[in-house]
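Me: Please take a close look at a single part of this structure, namely its sheet. I should like a connected account of how the strands are arranged and paired.

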Amino acid sequence: MRCAFCETTGTRSALHAHMTDIHADRVVTESDGWGRKFLQLDCPACDESYRREVKPRLKDPTFLDEYAREIRIVAFDMFLYHWQGVHEGETDA
Ligand SMILES: [Zn+2]
Ligand SMILES: [Zn+2]
């Protein structure tokens with residue numbers, strides 16, 4: 001399969017690692033105006049997005065980095081289900 005954001009191809013697990021590392025900036029922080037923060041990953045091919053509230057439990061910056069990485073891993077995993085299920089095959093042309 002092909003990466004949603006570039007020309008890289010590979011297995012699902014290889015692309016999962018690739019997206020988590022190379023396309024980490026696709027997961028953006030959004031605020032809802034009520035003081036809550038969310039991490040959001042938008043599909044580049046349609047209006048679907050994955051959104052999850054951020055609830056850091058500690059103020060340790062190292063912990064926050066780890067926490068953000070864990071969220072990215074989950075976000076890209078969810079996104080890959082969507083990408084495979086909806087768009088795989090559309091982009092082969
Ligand atoms: Zn890529
Ligand atoms: Zn989509």
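Reply: In this predicted model, the account may begin with strand β1, which covers residues 27-31 and is joined by 5 bridges to strand β2, residues 37-42. The two strands run antiparallel. Two residue pairs help to place this pairing on the structure. T29 has L39 of β2 as its bridge partner, and S31 stands opposite K37 in β2. β1 and β2 together form a hairpin, with 5 residues between the two strands. The turn of that hairpin includes G33, whose phi is positive, at about 85°.

The path then continues from β2 into β3. Strand β3 spans residues 49-53, and 5 bridges join β2 to β3, again in an antiparallel manner. Here L39 serves as a point of reference: its bridge partner in β3 is R52, while in the pairing of β1 with β2 L39 is the partner of T29. L39 of β2 is thus paired with T29 and also with R52 of β3. The connection from β2 to β3 is likewise a hairpin, made through 6 residues.

Taken as a whole, the sheet is open and consists of 3 strands in the order β1-β2-β3, with antiparallel pairing. β1 and β3 stand at the edges and have a single partner strand each, so one side of each is left without a neighbour in the sheet. On average, and with direction ignored, neighbouring strands of this sheet are turned by 30° against each other.

A word on confidence is in order. The average pLDDT of the protein is 86, and 88% of the residues score at least 70. Within the protein, confidence is lowest in β1, where the mean is 84. It is highest in helix α1, residues 12-22, at 96.

Conventions: Residues numbered from 1 in each chain as written. Chains lettered and ligands numbered in written order. Predicted model: local features only at pLDDT ≥ 70, side-chain atom pairs only at ≥ 80, totals over all residues. Pairing = 2+ DSSP bridges. Helix = DSSP H or I, 4+ residues; strand = E, 2+ residues; numbered from the N terminus. Axes fitted to C-alpha atoms, helices over the stretch in contact; angles between N-to-C directions. pLDDT = per-residue confidence, 0-100.
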